[in-house]
Amino acid sequence: MNDTLPMQAIPLFAIPLFYLLAAWIPSLSRLALERRWLLAQASAVLAMGCALLSLVVLAVSGPAVVPGPTVATLGKLGALTLSVRTDAVGGIVLLLVSFIGWVIVRYSQSYLGGDRGQARYIRALLSTLAAVSLIVVTNNLIMLALAWLAASLTLHQLLTFYNDRPQALIAAHKKFIASRVADLCLFLAVALIGATLGSVEIDQVLVRVQGLAALPFSLQAAAVLIAATALLKCAQLPVHGWLIQVMEAPTPVSALLHAGVVNLGGFVLIRLSALMMDAVAAQTLLVVVGSVTAIVAALVMMTRISIKVMLAWSTCAQMGFMLMQCGLGAYDLALLHLVAHSLYKAHAFLGAGGAVEQARLRQMTPSQPVVGLGTSLIGALAGLFMVTVAGFLWGIHPGQQPALYALAGIVCLALTPLLTVEALRIGGLWPLTLLLGAFGVAFAYFGLHQWFSLWVALPDTGHGAGAGLVGWVLLCFALLFLLQGVIRARPQGLVAQRLYPWFYAGLHLDELFTRATFRFWPARLAPEPTTAIVRSHLPTTIPGVL
């Protein structure tokens, strides 16, 4: 790191400060609602400008850690400080958060026009953005944990904005339970790190971890707890149900959740990658749970027709895939995945009406040709060949980075519809262009890996990922490919009929989690409004009413 520069700290401190001032000053001064929205939009624009400025300063001055004042000392556990850090990872995510925040603030004003409680919504939304920004810029693990807790609590206020909807309250309650368990895991992990290394400053923790010949048991346990925190916060099986059921919240809240807040688990793992990549148990937990969640969610999506529900299950699957990438050590690709998924989900939720229209148009178009399992296997082999050639052109060999080739193998399976369904549909010589397009996707995949790995200076892909984890991932996604191929080839066959009820119900995992948790901590629902029927007010001329 370079010497600390005041200029590098100003935009980082300013972003959460702008959000907090715009959130709470109107409540104290009793500004009119229109002026509150104007102030909220101004804070979002200023935050985005500061994020851009921080990237410019980073490009000029390089990464740095800017120490801040000490808020509290905790003895051997370290101290709670207001230190911040600027680097490529934080700069990318900070710009992403501020941009999505700006879009959601603008969208919310028109979406909530006429609703009561808009002042409460503005306060909770801006407070959530302030907490998320603080998570990204802080260099102190205790501050990170406190900010993550604050983001969860303020998001809870947004999820329960319509507090007269029982389904919204139940979903928010389940998220509240999972998040409190995750917070407990994170604070325990921070305590173990502070007690072992004598510091909770992230830069010092990573330097001291890299200087160890092997991780002691306390740091191994801390890594497992951090992995568990990410799994719980990212709605992985079996605590995924709340993510599917928060559709009762306002649409911009769903966009904020799916495009921003739920991705924080991946960001924290990337930030602490030097610790996580040497913890075998934590890697195993991330790979196994993440891959299983991705596969189950992908199969459940095949049974759903609701656009928003499919988007929610898609988020669950994408979070599982991102956490699996972190478990394999592919932190650069996980960061790329995080950015792409956030932008896509923000657009998808805020444009859900357009998605419905597109779905209707697809229903009116001629059906696509049915592709047999044999054709799908040929397409997969063609994709595997292209991925292998693309990797060798970039100088990446399977023996050097097996985890990267495992992920690229999943990409080749994803290319199969392009090489089969579309090729059969258009016919002629056009399939040759599809082959070139598929090769371009594989080539770009390795190229983006090379570019991101150099730019963000993260650990090498596949570091510490054992052959067992790589084999597990390949086996899981190969089985998913075969199962999806069988179901698509014979949608009325015995396999599809037997599996459909189970996957439509999500393997009943959410019901089991709900029963277990509500037995110990039931949700408090608002009483349903009752309408008294007065006999004298009913028309007496209509027979059969009374």
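This passage describes salt bridges, internal cavities and some features of the backbone in a predicted model.

Across the whole structure, five salt bridges are found. Side chains of opposite charge can pair when their charged atoms come close. Asp183, which is found in helix α6, a helix made up of residues 166-197, takes part in a salt bridge with Arg180, in which nitrogen and oxygen are 2.6 Å apart. The two partners, Asp183 and Arg180, both belong to helix α6 and stand three residues apart, which is about one turn of the helix, and both of them are buried. Asp183 also forms a salt bridge with Lys233, and here the closest N and O atoms are 2.9 Å apart. This second pair links distant parts of the chain, since Asp183 lies in helix α6 and Lys233 in helix α8, 50 residues away.

Asp183 has a relative accessible area of 4% and is therefore buried, because a residue counts as buried when this value is under 20%. Lys233, with a relative accessible area of 8%, is likewise buried. When the neighbours of Asp183 within four places in sequence are left aside, the residues in contact with Asp183 are Leu149 and Lys233, so that Lys233 appears both in this list of contacts and as a salt-bridge partner of Asp183, a pairing that rests on a nitrogen of Lys or Arg being within 4 Å of a carboxyl oxygen of Asp or Glu.

A further salt bridge is made by the side chains of Arg85 and Asp87, with a distance of 3.4 Å from N to O, and both of these residues are buried. Salt bridges that share partners join Arg85, Asp87 and Arg271 into one network.

The structure also encloses empty space, in the form of four cavities of 30 Å³ or more. The largest cavity has a volume of about 120 Å³. Its lining consists of 15 residues, and those that lie nearest the centre of the cavity are Val97, Val132, Ala259, Gly260 and Val261. Two or more lining residues are contributed by each of the helices α3 (88-111), α4 (118-137), α10 (251-259), α11 (264-271) and α15 (331-350). Of the elements around the largest cavity, α3 gives the most to the lining, with four residues. When the lining of the largest cavity is divided by class, twelve residues are nonpolar and three are polar, while no charged residue is present.

The second largest cavity holds about 70 Å³ of space. The residues that line the second largest cavity are Trp148, Ala151, Ser152, Lys175, Ser179, Lys233, Trp242, Leu257, Val261, Val262 and Leu264. Two elements, α5 (141-159) and α6, give two or more residues to this lining, and the largest share, three residues, comes from α5. By class, the lining of the second largest cavity is made up of seven nonpolar, two polar and two charged residues. Lys233, one of the residues lining this second cavity, is also the residue that pairs with Asp183 in a salt bridge. Val261 is included in the lining of the second largest cavity and is also among the residues that lie nearest the centre of the largest cavity.

Several features of the backbone can be described as well. The peptide bond that runs from Leu237 to Pro238 is cis, with omega near 0°, and Pro238 lies in the loop between α8 (217-233) and α9 (241-245). In the loop between α23 (494-504) and α24 (509-520), Leu507 has a positive phi of about 60° although it is not a glycine. His508, which is placed in the loop between α23 and α24, has a positive phi near 60° and is again a residue other than glycine. Leu507 is partly exposed, with a relative accessible area of 29%, and His508 is partly exposed with a relative accessible area of 36%.

Finally, Ala42 is placed in helix α2, which covers residues 33-61, and counts as partly exposed at 35% relative accessibility. Ala42 and Phe18 are 24 residues apart in sequence, and the distance between them in space, from C-alpha to C-alpha, is 8.9 Å.

Key. Residues are numbered from 1 along each chain as its sequence is written. This is a predicted model: local features need pLDDT of at least 70, side-chain atom pairs count only at pLDDT 80 or more; totals for chains, interfaces and linings use all residues. Side-chain values use heavy atoms; hydrogens and water are left out. Contact means heavy atoms within 4.5 Å. Buried means under 20% relative accessible area, exposed over 50%, partly exposed in between (1.4 Å probe, protein chains only). On a 1 Å grid over the protein atoms alone, a cavity is a set of points where a 1.4 Å probe fits but cannot get out, and a pocket is an open set with protein on both sides within 12 Å along at least five of seven lines; lining residues have an atom within 4 Å of a point. Grid points are joined across faces, edges and corners, and a volume is the space filled by probe spheres set on the points. Ala, Val, Leu, Ile, Met, Phe, Trp, Tyr, Cys and Pro count as nonpolar, Asp, Glu, Lys and Arg as charged, and the others, Gly among them, as polar.
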